[in-house]
Amino acid sequence: MTWTAGIDLGGTNLKAVAVTADGVCLERVVKPTASSADAPTEWVRAVREALDAFQRQQGADPAFVGVCAPGLAARDGRSIAHLPERLRGIVGLDWTRALDRQHTVPVENDAHAALLGEAWVGAARDYRHILMLTLGTGVGGAVMLDGRLVRGALGRAGHIGHISLDPAGPTSITGMPGALEALIGDYTVPTRTEGKFADTAALVAGYRAGDLDATRCWLHSIRVLACAVASGINLLDPEVVVIGGGIAQAGDALFIPLDRELARVEWRPGGHRVPVVPAQLGEWAGAIGAA
């Protein structure tokens, strides 16, 4: 059987999948991410171990291997070119050479890969014009127009987490004031709640329990998110907006108030509204998209 491997290099785990040509996932594996000073060697060893395990199970080498990771992919698509302060050893690591592959191992930004996965076999498989947001520690994003992933000149296209929604707000890692990810990302919850809540899971639990501080903070974050989504709709005119990432696990606590806020701010010519749907592939979207 012909199969392809997809590798998602994350800050906590390395996720790998073996996938058929029609998108059926044959195997999955999770490994802790590299952390030592010898990180490049650790990354390569972990990926090789995953591929070897797949090969033994499938009885053949993968036809192709794809890799995704945070950061901006190099212009030649063989490595990550820019990733500040994260995943030591990833920047500049040429995966085609590292894995001794005959065919090029394409390397993609993780949010871009997640959109490819959702467009292939997930929530966006019936659409050609797609905006995706991944809500987690920060906020990632990706865009597909006319069935093609939009990367831009340097690979920055789709990074909706770094659009400004408050020119007087705190800056993101890109230097953008009042960036979306600073206003809803998990890493700013302690600051946004003056230390009352440690993370989004605790904040949402407080909101569900009727805590006034949690409710005020969470609904403000949802308002900001709605303005970002509506701005993306005005700019790109997508058929669908897909929301993934860990914060999307909040379910109705996220999507119901988001729907209310979008009703206030979304431009809906002739009454047309853009559906906003949860991602279907969960934490495996990037690996499947890489495949």
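**Burial, cores and compactness**

Visitor: Why is Y127 called partly exposed?

Guide: In this predicted model, Y127 has a relative accessible area of 28%. Buried means under 20% and exposed over 50%, with partly exposed in between; 28% falls in that middle range, so Y127 is partly exposed.

Visitor: Where is the place of Y127, and which residues is Y127 in contact with, leaving aside its neighbours within four places in sequence?

Guide: Y127 sits in the loop between α3 (110–121) and β8. Beyond those neighbours, its contacts are E239, V240 and P275. As for V143, which is 16 residues from Y127 along the chain, the two C-alpha atoms are separated by 12 Å.

Visitor: How do you know that S221 is buried?

Guide: S221 has a relative accessible area of 1%. The cut-off for buried is under 20%, so S221 qualifies. This serine lies in helix α7. Leaving aside neighbours within four places in sequence, S221 is in contact with L183, I184 and R192.

Visitor: Which residues have the most contacts inside the largest nonpolar core?

Guide: They are L133, W218, L225, V241, I243 and L254, in a core of 37 residues. Elements giving two or more residues to this core are β8 (130–135), β9 (139–145), α4 (180–184), α6 (200–208), α7 (212–236), β11 (240–244) and α8 (252–265). Helix α7 supplies the largest share, 11 residues.

Visitor: What is V241 in contact with, apart from its neighbours within four places in sequence?

Guide: V241 is in contact with L131, L133, V229, I233, V274, P275, V276 and V277. A second core, separate from the largest one, has 28 residues, including L9, A18, L83 and V107.

Visitor: What makes the protein chain as compact as a globular protein of that length?

Guide: The chain has nine helices and 12 strands. Its radius of gyration is 19 Å, and the globule rule gives 19 Å for 291 residues; the two values are close, so the chain is as compact as a globular protein of that length. Its C-alpha atoms fill a box of roughly 55 × 45 × 35 Å along the principal axes.

Visitor: How much of the chain is buried, and what does it expose?

Guide: Buried residues make up 50% of the 291. The exposed area is about 13,600 Å², with 51% of it from carbon and sulfur atoms.

Visitor: How far apart are the mean positions of the positive and negative charges?

Guide: The mean positions of the 26 positive and 31 negative charges are 1 Å apart.

Note on methods. Residues are numbered from 1 along each chain as its sequence is written. This is a predicted model: local features need pLDDT of at least 70, side-chain atom pairs count only at pLDDT 80 or more; totals for chains, interfaces and linings use all residues. Side-chain values use heavy atoms; hydrogens and water are left out. A nonpolar core is a set of buried Ala, Val, Leu, Ile, Met, Phe, Trp, Tyr and Cys residues joined through side-chain atoms within 4.5 Å. Buried means under 20% relative accessible area, exposed over 50%, partly exposed in between (1.4 Å probe, protein chains only). Helices (H or I, at least four residues) and strands (E, at least two) are DSSP runs, numbered from the N terminus. Contact means heavy atoms within 4.5 Å. The radius of gyration is taken over C-alpha atoms; the globule rule is 2.2 Å times the number of residues to the power 0.38. Accessible areas come from the Shrake-Rupley method with a 1.4 Å probe; for residues, only the protein chains shown count as cover. Lys and Arg count as positive and Asp and Glu as negative; His and the chain ends are not counted. The place of a charge is taken as NZ of Lys, CZ of Arg, CG of Asp or CD of Glu.
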